[in-house]
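Reader: I have not seen this structure before. Please take one part of it, the packing around the helices, and go through it closely.

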Amino acid sequence: MIIAILNEKGGVGKTTLATNLARAFQKEGKTVLLVVSDPQGSLRDWLAAAGESSDYPTMIAMDKPAMIKDLKSLGGQYDYVLV
């Protein structure tokens with residue numbers, strides 16, 4: 001299942017919501033992919049700070065054209081894809 005959390009305005013909690021949903025799904029034993037297109041990159045910073053040994057979900061960064069092209073094929077590999 002692909003879940004997109006979207007809003008043009010910054011600072012409304014998109015990254016926080018996506019991260020917390022991903023962690024909740026992981027705790028239920030689901031496989032999760034976080035797809036980031038935020039140029040600010042705060043989620044990438046959070047994951048880098050957590051380090052290699054963290055149990056954060058897999059995260060990839062994609063720009064909008066790549067997302068439109070590749071997102072459906074990625075969705076079949078995970079229980080949840082959060083954008």
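Author: Helices and strands here are DSSP runs, a helix being H or I over at least four residues and a strand being E over at least two, and both are numbered from the N terminus. The model is a predicted one, in which local features need pLDDT of at least 70 and side-chain atom pairs count only at pLDDT 80 or more, while totals for chains, interfaces and linings use all residues. Residues are numbered from 1 along each chain as its sequence is written, and side-chain values use heavy atoms, with hydrogens and water left out.

The account starts with a strand. Strand 1 covers residues 2-3, and Ile3 belongs to it. In sequence, 79 residues separate Ile3 from Leu82, yet in space their C-alpha atoms are 4.9 Å apart. Contact means heavy atoms within 4.5 Å. When residues up to four places away in sequence are not counted, Ile3 touches Phe25, Tyr80, Val81, Leu82 and Val83.

Phe25 leads on to helix 1. Buried residues have under 20% relative accessible area, exposed ones over 50%, and partly exposed ones lie in between, with a 1.4 Å probe and protein chains only. The buried residues in helix 1 include Phe25, together with Ala18, Thr19 and Ala22. These four cover an arc (taken from the directions between the helix axis and the C-beta atoms) of only 130° around the axis, so they are on the same side of helix 1. The cover over the buried residues of helix 1 includes strand 1, strand 2, helix 2 and strand 4, the last of these being residues 80-82.

The length of helix 1 can be checked as well. The expected span of a helix is 1.5 Å times one less than its number of residues. For the 14 residues of helix 1 the span should be 20 Å, and the end C-alpha atoms are 20 Å apart, so the two agree. Just after helix 1 comes Gly29, with a positive phi of about 85°.

One residue of helix 1 can be taken singly. Thr19 lies in helix 1, and it counts as buried because its relative accessibility is 6%. With its neighbours within four places in sequence left aside, Thr19 is in contact with Leu43, Trp46 and Tyr56.

Leu43 brings in helix 2. In helix 2 the buried residues are Ser42, Leu43 and Leu47. They are on the same side of helix 2, because their arc around the axis is only 135°. Ala48 and Ala49 are exposed on the other side of helix 2. The elements that cover the buried residues of helix 2 include helix 1, strand 2 and strand 3, which runs over residues 58-61. After helix 2 comes Gly51, and its phi is positive, near 90°.

Strand 3 can be followed through two of its residues. Met59 is placed in strand 3 and counts as partly exposed because its relative accessibility is 22%. Apart from its neighbours within four places in sequence, Met59 is in contact with Leu33, Leu34, Val36, Leu43, Arg44 and Leu47. Two of these contacts, Leu43 and Leu47, are among the buried residues of helix 2. From Met59 to Ala18, a buried residue of helix 1, the C-alpha distance is 11 Å across 41 residues of sequence.

Ala61 also lies in strand 3. At a relative accessible area of 46%, Ala61 is partly exposed. Ala61 is in contact with Val36 and Arg44, again leaving aside its neighbours within four places in sequence. Both of these residues are also in contact with Met59. The C-alpha atoms of Ala61 and Asp38 are 8.2 Å apart, with their positions 23 residues apart in sequence.

Helix 3 is represented by Met67. Met67 is buried because its relative accessible area is 12%. Not counting residues up to four places away in sequence, it touches Val35, Ser37, Met62 and Val83. Of these, Val83 is also touched by Ile3, the residue of strand 1 with which this account began. Met67 and Ser37 are 30 residues apart along the chain, with their C-alpha atoms separated by 8.7 Å.
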